[in-house]
Amino acid sequence: MTTVFNTTGKRLNEFFMRLLEWREKHIKEKTFVSILALMVGLFAGFAALVLKWLIHCISSVLTASLAINGVNYLYLLLPLAGIFITSVFVRYVVRDNISHGVTRVLYAISQNKSRLKRHNMYTSVIASSITIGFGGSVGAEGPIVYTGAAIGSNLGRLFRLSPRILMILVGCGAAAGIAGIFKAPIAGMLFTLEVLMIDLTTVSVMPLLIASITAATVAYAFTGYDVEFFFVQSEPFLTWKIPYAIMLGLFLGFVSLYFTRSMNMMETMFRRFDSPWARVAIGGSILAMLVFFFPPLYGEGYSSIMDLLDGNTGSIVNNSMFYADRDNPWWIMGFILALVLLKTFATSATNGGGGVGGTFAPSLFVGCMAGFLFAYGLNYVFGLELSAKNFALMGMAGVMSGVMHAPLMGIFLTAELTGGYDLFLPLLIVSTISYGTIKFFEPYSIYTMRLAHDGKLLTHHKDKAVLTLLKMDSVIETDFVTVTTDMNLKEMVGAISRSSRNLFPVLGNDNRLVGVVILDEIRNIMFRPDLYRRMFVSQFMSMPPARVELGQSMEQVMKTFDNTGAWNLPVVDADGHYVGFVSKSKIFNSYRRVLRHYSED
């Protein structure tokens, strides 16, 4: 039986290799990438449908018996159980970290040649559906981006495509994931450009469009042509309301800043716990308590968004102990303010505790609540006549633009989600001002700040992008003859005769770098035999102008070269052990090669 399987596998492999050869001869690369983009769009679109269906099924079954007009103690159990089940699945079945999907896609693009593991094509779908279905206060969009990107990466690797093409297919998968789950093809494409920061070139534009449109078509074909959040603009946006839109943009910029910093604070706190089960217990308990007192924090929170956009303000307190106060405006404002402030803690507790989910839905939720609260509060206190649901819609675009540093995506995603294209001007105003406000305080988005801090973020800045793609290992040179401090001049001359370099690292105990010998500096004594036995390396060696440590980014290395004016610098590990040398000329050669490779159109 084993022989049969081996023979069959060998024949399939031979057939596949012949297929690859035929493709290379008969199908141009650009055409083939477009075909693969179509396939990525189909697979990612179906993955988005499966994820939404699983979340809906799990949530519907678990919450069917909840009372709308009072306390539901089941909320104290479900979120904790969901985080526990997800943690067990991830720890013992997946055995890999699959949280923070968008950040991991960014890392794969910049540091791993756009390669994602095969299990990422389905594990995030399973884990996030459990997390969200049981009440995890996160979104399904981060996991579907991870899933779509993994589909694109593995499909490209199957056909032995280059890292440059893999990067485009990863972007196609991410765009298709957003387009499929939101029915928003333009937003999907803009997500790839603004968040994943893949350049829009003649090579990438067509595959991205194909993948996004295909995934959105799949979603429309199976779920109908209705927008995700039904919205009817009952009140026009008049000129006198523009100052309030400007004020809303400033307000949402600070809300976005609060969202980002509180998320980072909570994530840092959870990383301090060594035991994963301690994180499960603490995160699950925090989430359960928050959901118990504030039920709209359960799951993605989209039903609460739809209620506000429909004008059903009082329904925001359904299923809670505050149901009796649903007609009290001050209670409503206080409840919504609490949702704005606590959503980040619920989201952080979900992910920090071991759940799997993204921050798309939380940012939309916070934006909707903040925008609604802004208009509702001004109307009640000052007697204005602002449309609270219009401002709720603008709030969604504003917070998403600020948190993700993606104003265009925030604008088009909100418009595509709701069909609110009549509010395009105020959406532009609010998103732009919100983005500009948070950009003053936070230069990077919630997804990119950690990678940027470590110098591992790929950006639209061409020089920085190429330096990020360069790896230290590829430019280290090790063909230097080493010498020791106790060697005399005669032995040094012998080392020179064996070397083709004019630079010699001096090593001390345990292979530690203690200095360098430069040939030009000893040329005046190396031909004096009378000094051969009397002078030692320790007497004529010098210290290098700087040292480069393994793990430093190429941007940091180039700054060191600029600061010292050197052309060669020694490379050491964290303990000071000698590794080799890195030269500016080799970096320049590698830079030109990578730039040419990733800039081909």
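The following legends describe three close-up views of a predicted model.

**View 1. Surroundings of Ser 320 in the loop between helix 12 and helix 13.** Helix 12 covers residues 302-309 and helix 13 covers residues 329-353, with Ser 320 in the loop between them. Ser 320 has a relative accessible area of 1% and is therefore classed as buried, the limit being under 20%. Its side chain reaches the backbone nitrogen of Phe 322 at a distance of 3.2 Å. When neighbours within four places in sequence are left aside, the residues in contact with Ser 320 are Gly 70, Val 71, Phe 293, Pro 295 and Phe 335.

**View 2. A nonpolar surface patch that includes Val 71.** The patch is formed by Val 71, Tyr 73, Leu 76, Met 289, Phe 293 and Met 321, and together these residues have about 530 Å² of accessible area. Val 71 is located in the loop between helix 2 (29-63) and helix 3 (78-94). With a relative accessible area of 34%, Val 71 is partly exposed, whereas Ser 320 is buried. Two members of the patch, Val 71 and Phe 293, are also among the residues in contact with Ser 320.

**View 3. The hairpin of strand 3 and strand 4.** Strand 3 comprises residues 503-507 and strand 4 comprises residues 513-518; the two run antiparallel and are joined by 5 bridges. Leu 507 stands opposite Leu 513, the latter belonging to strand 4. Between the two strands lie 5 residues. Asp 510, located in the turn, has a positive phi of about 55°.

Terms used
Residues are numbered from 1 along each chain as its sequence is written. This is a predicted model: local features need pLDDT of at least 70, side-chain atom pairs count only at pLDDT 80 or more; totals for chains, interfaces and linings use all residues. Side-chain values use heavy atoms; hydrogens and water are left out. Helices (H or I, at least four residues) and strands (E, at least two) are DSSP runs, numbered from the N terminus. Buried means under 20% relative accessible area, exposed over 50%, partly exposed in between (1.4 Å probe, protein chains only). A polar contact is a pair of N or O atoms within 3.5 Å; within protein, one must be able to donate a hydrogen and the other to accept it, and residues adjacent in sequence count only if both atoms are side-chain atoms. Contact means heavy atoms within 4.5 Å. Two strands pair if DSSP finds at least two bridges between them. Patches are made of residues with over 30% relative accessible area and no salt bridge: like charges are joined within 9 Å, nonpolar side chains (Val, Leu, Ile, Met, Phe, Trp, Tyr) within 5 Å. Accessible areas come from the Shrake-Rupley method with a 1.4 Å probe; for residues, only the protein chains shown count as cover. A salt bridge is a side-chain nitrogen of Lys or Arg within 4 Å of a carboxyl oxygen of Asp or Glu.
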